[in-house]
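Dear colleague,

I am passing on to you the structure we spoke about, and below it you will find my notes on what turned up in it. Please read them with the model open beside you.

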Amino acid sequence: MISRTHTDHQHHHNSVAGHDGVYVQLDELVRLQHKASGFSFLPRQPVHSILSGRHASRLRGRGLNFEELRDYLPGDDTRNIDWKVTARTRTPYVRIYTEEKDRTVWLLVDQRIGMFFGSKERMKSLVAAEVAAISAWRVLNVGDRVGALVFNDAEISVVPPHRSRERVMQILKQVVEKNHALNIHSELKPDAGKLNEALKQASILARHDCLVCLITDGSGINPETRKHVTRLSEHNDVLTAFIYDPLEKDLPTAGRLRFAGSEGQLEVDTSNRKLRSAFQNDFEQRLQAIQSASKHLSIPVLPIQTIQPVSDQLRDMLGYHQDTKRF
């Protein structure tokens with residue numbers, strides 16, 4: 001969907017023709033590699049979500065390999081003391097671990113027709129594409145493997161994980177292809193179930209110590225979603241980038257607005273209280289479903305809105321902290 005005021009209807013046509021804020025271009029996603037800095041998916045990083053009452057969630061991080069036992073030294077983490085060896089030798093010993101050399105990150109990128117909505121600057125679908133691109137470049141920059149499941153209402157495309165620029169480009173091309181297929185006149189019917197299908201596939205593909213990043217507006221979340229996410233989070237980290245448009249949060253009284261949706265053009269009167277209430281209820285339900293899963297499973301939620309640069313928002317929420325030792 002896209003919404004514009006009646007008087008802005010001509011601008012809407014120009015925007016679509018020029019793909020300005022409506023469709024993403026591959027070269028734009030490639031250029032975002034220069035913005036992929038200033039934030040981190042590091043282990044044990046606190047993420048405070050404004051959608052979940054500012055409760056802190058923590059990411060498990062990479063898997064750890066046991067390396068050696070050595071004498072305890074002042075400043076060592078007491079949690080790493082090996083009590084059995086310490087009791088036997090009567091000298092404190094600690095177990096030393098090293099991080100696994102790389103980690104697999106799976107990006108689940110929502111490009112369904114419900115994401116084809118934008119009130120001011122950009123479509124939710126375009127913002128989701130940017131989040132995916134910046135994340136993929138960041139993962140590559142730190143030497144980890146990145147793969148993706150890019151889905152629309154009809155299909156889920158799987159790009160197996162690899163640590164290479166070529167693989168990032170493959171992911172971006174899949175995102176662009178699905179993004180450009182979005183069309184209000186498309187014969188594709190909205191499929192809320194595709195979100196759960198993508199999560200189910202991810203739970204098969206992401207076996208352990210992966211980071212699974214779901215990039216969506218939350219449409220289609222239901223009790224089955226929690227089952228898939230619970231299974232995923234047993235052995236992996238899960239993070240949600242919740243994409244929303246400020247208009248969804250609070251539909252203003254702005255007279256007649258012209259919407260374009262899966263059924264074609266629709267003009268509505270925003271002074272209608274019932275309409276505004278229904279619009280807001282839909283947003284609240286999606287928000288509460290994500291908030292509930294976040295609290296229940298300690299999954300960080302990153303609320304990403306459509307009218308500010310994605311890189312700035314990611315840095316605000318995942319930026320470096322004083323207690324972060326490595327970047």
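Does Arg286 count as buried or exposed, and at what relative accessibility? Before I answer, please keep in mind that this is a predicted model. Arg286 has a relative accessibility of 7%, and because the limit for a buried residue is under 20%, Arg286 counts as buried. Its place is in helix H9, which covers residues 273–297. Leaving aside residues up to four places away in sequence, Arg286 touches Lys124, Asp217, Gly218, Ser219, Phe242 and Glu248.

For the overall picture, the secondary structure of the protein chain comes to 10 helices and 13 strands. The protein chain has 327 residues, of which 50% count as buried. If one takes the contacts between residues at least 6 apart in sequence, 75% of them join residues at least 24 apart.

Helix packing

Two packed helices are described by the angle between their axes and by the distance between those axes. Helix H6 (residues 194–205) and helix H7 (residues 223–235) pack at an angle of about 20 degrees, and their axes are 9 Å apart. That angle makes H6 roughly parallel to H7, and the crossing of the two helices is left-handed. On the H6 side the contact involves Asn196, Leu199, Lys200, Ala202 and Ser203, which meet Glu224, Thr225, His228, Val229, Arg231 and Leu232 in H7. Sorted by class, the residues of this contact of H6 with H7 are four nonpolar, four polar and three charged.

One residue of that contact can be followed further, namely His228, which lies in helix H7. His228 is buried, with a relative accessible area of 5%. Not counting residues up to four places away in sequence, His228 touches Asn196, Leu199, Lys200 and Ser203, and these four residues are listed on the H6 side of the contact with H7.

The second helix pair is H4 and helix H10 (residues 310–318), whose axes come within 10 Å and cross at roughly 60 degrees. H4 and H10 are therefore oblique to each other, and their crossing is right-handed. Val127, Glu130, Val131 and Ile134 of H4 make this contact together with Val310, Ser311 and Leu314 of H10. By class, the contact of H4 with H10 has five nonpolar residues, one polar residue and one charged residue.

Aromatic pairs

How many aromatic pairs does the count come to? The count comes to four aromatic pairs, and I describe two of them here. A pair of aromatic rings is described by the distance of the centres and the angle of the planes. Tyr23 and Phe116 form a tilted pair, at 5.5 Å centre to centre and with 35 degrees between the planes. Tyr23 lies in the loop between helix H1 (9–18) and helix H2 (26–31), whereas Phe116 lies in the loop between strand E6 (104–110) and helix H4 (124–141), so the pair ties together parts that are 93 residues apart in sequence. Tyr23 is buried, and Phe116 is buried as well.

The other pair consists of Phe242 and Tyr244, whose ring centres are 6.0 Å apart and whose planes stand at 20 degrees, so the pair is stacked. Phe242 counts as buried at 0% relative accessibility, and Tyr244 counts as buried at 10%. Phe242, Tyr244 and Phe283 form one aromatic cluster. Phe242 is also one of the residues that Arg286 touches.

Backbone in two loops

Most residues other than glycine have a negative phi. Arg90, however, has a phi near 60 degrees, which is a positive value in a residue other than glycine. Arg90 is placed in the loop between helix H3 (83–89) and strand E5 (93–99). With a relative accessible area of 78%, Arg90 is exposed, whereas Arg286, the arginine discussed at the start, is buried. Asp209 likewise has a positive phi, near 55 degrees, in a residue other than glycine. Asp209 is found in the loop between H6 and strand E9 (211–216).

With best regards

Definitions and conventions: Residues are numbered from 1 along each chain as its sequence is written. This is a predicted model: local features need pLDDT of at least 70, side-chain atom pairs count only at pLDDT 80 or more; totals for chains, interfaces and linings use all residues. Side-chain values use heavy atoms; hydrogens and water are left out. Axes are lines fitted to C-alpha atoms, for helices over the stretch in contact, and angles run from 0 to 180 degrees between N-to-C directions. Angles under 35 degrees count as roughly parallel, over 145 as roughly antiparallel, 65 to 115 as roughly perpendicular and the rest as oblique. A crossing is left-handed if the near helix is turned anticlockwise from the far one by less than a right angle, and right-handed if clockwise. Contact means heavy atoms within 4.5 Å. Ala, Val, Leu, Ile, Met, Phe, Trp, Tyr, Cys and Pro count as nonpolar, Asp, Glu, Lys and Arg as charged, and the others, Gly among them, as polar. Rings of Phe, Tyr and Trp (its six-membered ring) pair if their centres lie within 6.5 Å; planes under 30 degrees apart count as stacked, over 60 as edge-to-face and the rest as tilted. Buried means under 20% relative accessible area, exposed over 50%, partly exposed in between (1.4 Å probe, protein chains only).
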